[in-house]
Each structure stands twice: as C-alpha cells, then as structure tokens.
Amino acid sequence: WNANKSAKLEAFIKGWGERLGQPNYQKGIAGGDVGADHLYTLRDDGPSEKMNAEYTDTGLGNAQYRIVERYSNWDKYPTVHNYFFAITDTGEGIVFHSPTTNGDKMYLNPTENVDLRNNFASLVK
C-alpha cells in the first residue's frame, strides 16, 4: 500500500459516495477513533469474536487483517457507515463495513457492496 493507491481510493470513495447520495465520506473514523484491539466481527449466528487486526500504512504486518484505510460519514448520524479497508495475511484486499456508532467496540462484517470490494481489490493488486 502506498500514497498513490491511497489517493486513488480517496478519489473513488468521493465519487462512489456521491452516486449513493452519501457525499461526505471522510478519511478516518470521525466519530472517535477506535484501536484495532476494539474491532469485532459482527455475527448473526453466534457471539462476536475479536478480530485479528492491526492498522498499518503499508499493508505489511503480522495480523490476519492489516487495515490500511478507514472512511466514515458521521455527518449522517445516526445512520453512519464506517468502512475499513484491509489487506489479508494472504495479500488479498477486503473491505469491512460497520454501522457501529456508540461504545468503545466496533462490529465489522465484509461489505456486500460489489463496487467497493472490486475497486479496492484491484488497487491492492
């Protein structure tokens, strides 16, 4: 991951959010930053599990998920979308979504948005 890829993702997010009628995505988690040790899977079929995740500027690290970018639209509170862009320990790009707005934990699951997934995966490669 590098500054050029980060800039391309930022440009994509701006246009993507505008097309969805959600034009104000900002880099980071504007509602209060949450450490990687407070990220959990969002599960419908059982208890949530702490994610093996870390924040990194390069995509390199030791965790299963190396989070390189985060975007949120806190101006739409209480309907907030937080996106975490990660590179897996196998080198694949994955985008997590979290609707979490309160508490010190964020609950994430892979996004269902195909455009977001495909764009990030192509940037990672």
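Biologist: Why is L123 called buried?

Modeller: Its relative accessible area is 13%. Buried means under 20%. The value for L123 falls under that cut-off, so L123 counts as buried. Keep in mind that this is a predicted model.

Biologist: Where does L123 lie?

Modeller: L123 lies in helix α2, residues 114-124.

Biologist: Which residues is L123 in contact with, leaving aside its neighbours within four places in sequence?

Modeller: They are W1, K5, K8 and L9. Contact here means heavy atoms within 4.5 Å. Take L9 as one of them. L123 and L9 are 114 residues apart in sequence. In space their C-alpha atoms are 7.7 Å apart.

Biologist: Now the loop residue N102. Is N102 buried or exposed, and how do you know?

Modeller: N102 is exposed. The relative accessible area of N102 is 59%, and exposed means over 50%. The value passes the cut-off, so the word applies.

Biologist: Which strands flank the loop that holds N102?

Modeller: The loop lies between β6 (93-98) and β7 (106-110). The C-alpha atoms of N102 and Y40 are separated by 14 Å. Along the chain these two residues are 62 residues apart.

Biologist: What makes you call strand β4 mostly covered?

Modeller: The count does. In β4, residues 65-72, 8 of 8 residues are buried. Each of them is therefore under 20% relative accessible area.

Biologist: How do you know that β4 pairs with β1?

Modeller: Pairing takes at least two bridges. Strand β1 (residues 26-27) and β4 have 2 bridges, in the antiparallel sense. That meets the requirement, so they pair. In one of these bridges, Q26 has S72 of β4 as its partner.

Biologist: In which sense do β3 and β4 pair, parallel or antiparallel?

Modeller: Parallel, over 3 bridges. Strand β3 covers residues 53-55. E54 stands opposite R66 in β4.

Biologist: How many bridges join β4 to β5?

Modeller: There are 7, and the two strands run antiparallel. Strand β5 covers residues 82-88. Y65 stands opposite T88 in β5.

Biologist: What follows after β5 in the pairing?

Modeller: β5 and β6 pair in the antiparallel sense over 6 bridges. Y83 stands opposite H97 in β6. These two strands form a hairpin, with 4 residues between them. In the turn, G91 has a positive phi of about 90 degrees. Then 2 bridges join β6 to β7, again antiparallel. H97 has N109 as its bridge partner in β7.

Biologist: In what order do the elements of the protein run from the N terminus on?

Modeller: The order is α-β-β-β-β-β-β-β-α. That makes 2 helices and 7 strands.

Biologist: Why is the protein called as compact as a globular protein of its length?

Modeller: Its radius of gyration is 14 Å. The globule rule gives 14 Å for 125 residues. The two values are close, so the description holds. The C-alpha atoms fill a box of roughly 35 × 35 × 25 Å, taken along the principal axes.

Biologist: How many of the 125 residues count as buried?

Modeller: The share is 41%. The protein exposes about 6,900 Å², and carbon and sulfur atoms supply 46% of that area.

Biologist: What of the charges?

Modeller: There are 13 positive and 16 negative charges. Their mean positions are 5 Å apart.

Definitions and conventions. Residues are numbered from 1 along each chain as its sequence is written. This is a predicted model: local features need pLDDT of at least 70, side-chain atom pairs count only at pLDDT 80 or more; totals for chains, interfaces and linings use all residues. Side-chain values use heavy atoms; hydrogens and water are left out. Buried means under 20% relative accessible area, exposed over 50%, partly exposed in between (1.4 Å probe, protein chains only). The radius of gyration is taken over C-alpha atoms; the globule rule is 2.2 Å times the number of residues to the power 0.38. Accessible areas come from the Shrake-Rupley method with a 1.4 Å probe; for residues, only the protein chains shown count as cover. Lys and Arg count as positive and Asp and Glu as negative; His and the chain ends are not counted. The place of a charge is taken as NZ of Lys, CZ of Arg, CG of Asp or CD of Glu.
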